[in-house]
Amino acid sequence: MILLKLFGGLKKTCGSSIVPIEEKELPLSNILQILKNLTENPDEISPDNLMILVNDVESSALLDHNKILRSGDVVTVASIIHGG
């Protein structure tokens, strides 16, 4: 299982702070679609407004842009735009 942890406005938008993903392997690029499937307003989910960490490493710092998530990985997603 891959664990998806949501922070900030995403927690409210998606209705949960923790989402287990039962896949054994999953491309990191699929996370955005999973988030959009969790909300009634998928237009609120934009890759430009998200910070994504894989096992506490910011995803843009990963050398492999086609990263495959594996069972046991923790993906943390936070909205970087929020109200004041």
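**Notebook: sheet, loop, salt bridge, core and pocket**

I began at L53, which stands opposite T76 in β7. The model I am reading is a predicted one.

**Entry 1, the sheet.** I followed this pairing outward from L53. Strand β4, residues 50-54, runs antiparallel to strand β7, residues 74-79, and I counted five bridges for the pair. I then looked up the full strand order. The sheet is open and has five strands, arranged β2-β1-β7-β4-β5, with mixed pairing. I noted the edges next: β2 (18-21) and β5 (57-58) each have a single partner strand, so one side of each is left without a neighbour in the sheet. As background, I recall that strands of a sheet pair through backbone hydrogen bonds, in either the parallel or the antiparallel sense.

**Entry 2, the β2 edge.** I turned to the partner of β2. The strands β1 and β2 are paired in the antiparallel sense, over four bridges. Within this pair I located L4, whose bridge partner in β2 is V19. I then asked which side chains of β2 are buried. V19 and I21 point to one face and are buried, whereas I18 and P20 point to the other face and are not. This is the pattern expected of a regular strand, in which side chains alternate between the two faces of the sheet.

**Entry 3, the loop between β4 and β5.** I checked the backbone angles here. N55 is found in this loop, and its phi is near 50 degrees, a positive value in a residue other than glycine. D56 lies in the loop between β4 and β5 as well, with a phi near 70 degrees, also positive and also in a residue other than glycine. I recorded both because most residues other than glycine have a negative phi. For accessibility, I noted N55 as partly exposed at 37% relative accessible area. D56 counts as exposed, with 68% relative accessibility.

**Entry 4, the salt bridge.** How many salt bridges are there? I found one. In it the side chains of E25 and R70 meet, at 3.6 Å from N to O. E25 belongs to strand β3 (residues 25-27) and R70 to strand β6 (residues 68-70), so the pair ties together parts that are 45 residues apart in sequence. Both ends are partly exposed: I read 48% relative accessibility for E25 and a relative accessible area of 41% for R70.

**Entry 5, the nonpolar core.** I next examined the largest nonpolar core, which has 18 residues; L4, L6, I31, L35, L69, V75 and V77 touch the most other members. The elements that give two or more residues to this core are β1 (2-7), α1 (9-14), β2, α2 (31-37), β4 and β7. I listed the contacts of L6 separately. Leaving aside residues up to four places away in sequence, L6 touches K11, C14, S16, S17, V19, L35 and V77. V19 is thus a contact of L6 as well as the bridge partner of L4.

**Entry 6, the pocket.** What is the volume of the largest pocket? I noted about 190 Å³. The residues that line the largest pocket are L28, S29, I31, L32, P47, L50, I52 and S59. Two elements, α2 and β4, give two or more residues to this lining. I marked I31 for a second look, as I31 lines the pocket and is also named among the core residues that touch the most other members.

Conventions. Residues are numbered from 1 along each chain as its sequence is written. This is a predicted model: local features need pLDDT of at least 70, side-chain atom pairs count only at pLDDT 80 or more; totals for chains, interfaces and linings use all residues. Side-chain values use heavy atoms; hydrogens and water are left out. Two strands pair if DSSP finds at least two bridges between them. Buried means under 20% relative accessible area, exposed over 50%, partly exposed in between (1.4 Å probe, protein chains only). A nonpolar core is a set of buried Ala, Val, Leu, Ile, Met, Phe, Trp, Tyr and Cys residues joined through side-chain atoms within 4.5 Å. Contact means heavy atoms within 4.5 Å. On a 1 Å grid over the protein atoms alone, a cavity is a set of points where a 1.4 Å probe fits but cannot get out, and a pocket is an open set with protein on both sides within 12 Å along at least five of seven lines; lining residues have an atom within 4 Å of a point. Grid points are joined across faces, edges and corners, and a volume is the space filled by probe spheres set on the points.
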